[in-house]
Amino acid sequence: MTDIERTLQTGVQSLEDELAVDDFGTKSRNLSKMIRAGLPVPNGWALSWEFAQQVTKGHRGAIERLLRIGDAAPGLLAVRSSAIGEDGEGASFAGQHLTILGVSGAHALVSAVVRVERSGETEAARTYRQSSGVSEEPKVAVTIQKLLDPEVAGVMFTVNPLNGDDERLAEAAWGLGDAVVSSRVSPDSYRIARGGVLLSSTPGVKRLSLHPKAGGGIEEREIHSNCAAELSLSGGDFAALDDLATRCETVFGYGQDIEWAKAEGCFWLLQSRPITSMSAVR
């Protein structure tokens with residue numbers, strides 16, 4: 001069996017499978033660990049960096065396999081980078097590689113994978129690699145997941161990274177969490193005690209929200225002024241977020257940086273990685 005034949009055979013795996021980090025990257029590996037630990041994670045597929053490279057190079061067999069995934073996928077997809085060395089304890093690469101949301105159809109999936117794989121070659125990504133002491137050439141594996149349509153979404157530190165206090169820090173906004181991650185809104189912020197009791201909350205200004213479009217892509221919606229400063233979380237949401245934080249720390253250890261979404265009344269995990277600044281407060 002040639003190397004390319006081996007790549008075509010083993011380079012596409014379900015996120016439910018046990019994944020090798022050197023082939024599929026930390027993001028896909030962590031999602032796999034969460035799913036196998038029973039955490040609520042949208043399922044999908046992991047592409048190895050070698051398989052993603054073959055798609056970019058136009059290898060017929062790799063493209064045909066990806067087309068079959070696109071034909072079988074239910075609804076819209078999120079296509080994210082899972083580069084080798086990304087989301088580790090020393091460097092998160094957050095925002096350095098491309099994420100494409102609302103991918104619809106097999107051919108759009110192929111195009112999205114090519115764009116994500118190539119994003120490791122951008123000047124910004126290379127500069128970040130150098131500043132983080134990562135000398136190897138970029139190897140961008142890819143994560144493909146079902147795209148949720150959240151009522152509210154955001155990020156959370158399971159420990160306060162500023163002072164090491166044992167409390168959760170969460171940010172939230174209406175719609176897809178990309179509005180928070182990309183700083184397109186000023187999100188609500190919350191301090192939550194371990195155990196789920198709300199310690200404090202500060203409303204943000206959320207004048208827009210992002211949502212999947214039925215035919216593919218993402219649409220921006222204007223939020224009426226009376227809702228723009230309304231808190232997006234309440235009641236049992238804080239206990240639910242605390243539970244997610246506890247379960248993530250059970251799998252990965254103390255001090256996690258989490259992306260989450262609330263869709264159809266349930267909380268979902270989209271990512272968990274170490275807090276890169278925690279060494280300063282330990």
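This text goes through a predicted model of one protein, from its overall make-up to its nonpolar cores and some of its strand pairs.

The protein has 282 residues, and 50% of them are buried. Its secondary structure consists of nine helices and 13 strands. Contacts between residues at least 6 apart in sequence often span a long stretch of chain: 64% of them join residues at least 24 apart. The accessible surface of the protein is about 12800 Å², and carbon and sulfur atoms account for 48% of that area.

In soluble globular proteins, nonpolar side chains tend to be buried together. Here the largest nonpolar core has 26 residues, and the members that touch the most others are Leu66, Leu109 and Val113. Two or more residues come from each of helix H3 (49–57), helix H4 (60–72), strand E3 (77–83), strand E4 (99–103), helix H5 (106–118) and strand E5 (140–146). H5 contributes the most to this core, with seven residues.

Valine 113 can serve as an example. Beyond its neighbours within four places in sequence, this valine is in contact with Leu47, Ala52, Val55, Leu66, Val79, Val142 and Ile144. Another core lies apart from the largest one; it has 25 residues, including Leu19, Val152, Ala170 and Leu269.

The strand pairs come next. Strand E1 (residues 12–14) runs antiparallel to strand E2 (residues 44–47), and three bridges connect the pair. Within this pair, glutamine 13 stands opposite alanine 46 of E2. E2 also pairs with E5, again in the antiparallel sense, over four bridges. There, glycine 44 has glutamine 145 of E5 as its bridge partner.

Key
Residues are numbered from 1 along each chain as its sequence is written. This is a predicted model: local features need pLDDT of at least 70, side-chain atom pairs count only at pLDDT 80 or more; totals for chains, interfaces and linings use all residues. Side-chain values use heavy atoms; hydrogens and water are left out. Buried means under 20% relative accessible area, exposed over 50%, partly exposed in between (1.4 Å probe, protein chains only). Contact means heavy atoms within 4.5 Å. Accessible areas come from the Shrake-Rupley method with a 1.4 Å probe; for residues, only the protein chains shown count as cover. A nonpolar core is a set of buried Ala, Val, Leu, Ile, Met, Phe, Trp, Tyr and Cys residues joined through side-chain atoms within 4.5 Å. Two strands pair if DSSP finds at least two bridges between them.
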